[in-house]
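Let us take a friendly walk through a structure that may be new to you. Have a look at the picture first, and then we will go through it step by step.

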Amino acid sequence: MGLFWDLIQQSQIQDQKSRAASLEDRVHFLEHELYKTRELLTKTLKVLEEHTGKDIDGDGYAG
């Protein structure tokens, strides 16, 4: 019985490791997507401010 219990525990440990690695990958992917989204938003705001001549993001100047 002890051998089977050890195998079950080892399987559960491996499952947890794969879930943790998967979660780390997902977090890394989401952080990268957030970076790209913020970069695009900044570029879009700059173009929009230059086009309208208004300070949209409240940084004190247009463009």
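Which side chain of opposite charge is nearest to Glu49, and how many Å away is it? Please keep that question in mind while we get our bearings, and note that what you see is a predicted model.

Begin with the overall layout. The protein has one helix and zero strands. That helix, H1, covers residues 2–52. Along the principal axes, the C-alpha atoms fill a box of roughly 75 × 15 × 10 Å. The radius of gyration tells a similar story: the protein has 24 Å, whereas a compact globule of 63 residues would have a value near 11 Å.

Some pairs of residues let you follow this layout along the chain. Take Lys17, a residue of helix H1, and Leu40, which is 23 residues from Lys17 along the chain: their C-alpha atoms are separated by 35 Å. For Glu31, also in helix H1, the partner to look for is Gly53, 22 residues apart in sequence and 32 Å apart in space, C-alpha to C-alpha. Then there is Lys46, another residue found in helix H1. Between Lys46 and Ile8 there are 57 Å from C-alpha to C-alpha, with the two 38 residues apart in sequence.

Now turn to the surface. About 5,900 Å² of the protein is exposed, and carbon and sulfur atoms supply 61% of that area. Buried residues make up 2% of the 63 residues. Lys17 counts as exposed because its relative accessibility is 53%, and the cut-off for exposed is over 50%. Glu31 is exposed too, at 52% relative accessibility. On the surface you can also find a nonpolar patch formed by Leu3, Phe4 and Leu7, which together have about 360 Å² of accessible area. Leu7 belongs to helix H1, and its relative accessible area of 52% makes it exposed.

Next come the charges. Side chains of opposite charge can pair when their charged atoms come close. The structure holds one salt bridge. Glu33 forms this bridge with Lys36, and their closest N and O atoms are 3.1 Å apart. Both residues lie in helix H1, three residues apart, which is about one turn of the helix. Each partner counts as partly exposed: Glu33 has a relative accessibility of 28%, and Lys36 has 38%.

With that picture in place, we can return to Glu49. Glu49 also has its place in helix H1. Glu49 is buried, yet has no salt bridge. The nearest side chain of opposite charge is that of Lys46, 9.0 Å away. A salt bridge needs a nitrogen and a carboxyl oxygen within 4 Å, so at 9.0 Å Lys46 does not form one with Glu49. Lys46 itself counts as partly exposed, at 46% relative accessibility.

What does Glu49 touch, not counting residues up to four places away in sequence? Its contacts are Lys54, Asp55, Ile56, Asp57, Asp59, Tyr61, Ala62 and Gly63. To see this part of the model for yourself, find Glu49 in helix H1 and then look for the residues it touches, including Tyr61 and Gly63.

Note on methods:
Residues are numbered from 1 along each chain as its sequence is written. This is a predicted model: local features need pLDDT of at least 70, side-chain atom pairs count only at pLDDT 80 or more; totals for chains, interfaces and linings use all residues. Side-chain values use heavy atoms; hydrogens and water are left out. Patches are made of residues with over 30% relative accessible area and no salt bridge: like charges are joined within 9 Å, nonpolar side chains (Val, Leu, Ile, Met, Phe, Trp, Tyr) within 5 Å. Accessible areas come from the Shrake-Rupley method with a 1.4 Å probe; for residues, only the protein chains shown count as cover. Helices (H or I, at least four residues) and strands (E, at least two) are DSSP runs, numbered from the N terminus. Buried means under 20% relative accessible area, exposed over 50%, partly exposed in between (1.4 Å probe, protein chains only). Lys and Arg count as positive and Asp and Glu as negative; His and the chain ends are not counted. Contact means heavy atoms within 4.5 Å. The radius of gyration is taken over C-alpha atoms; the globule rule is 2.2 Å times the number of residues to the power 0.38.
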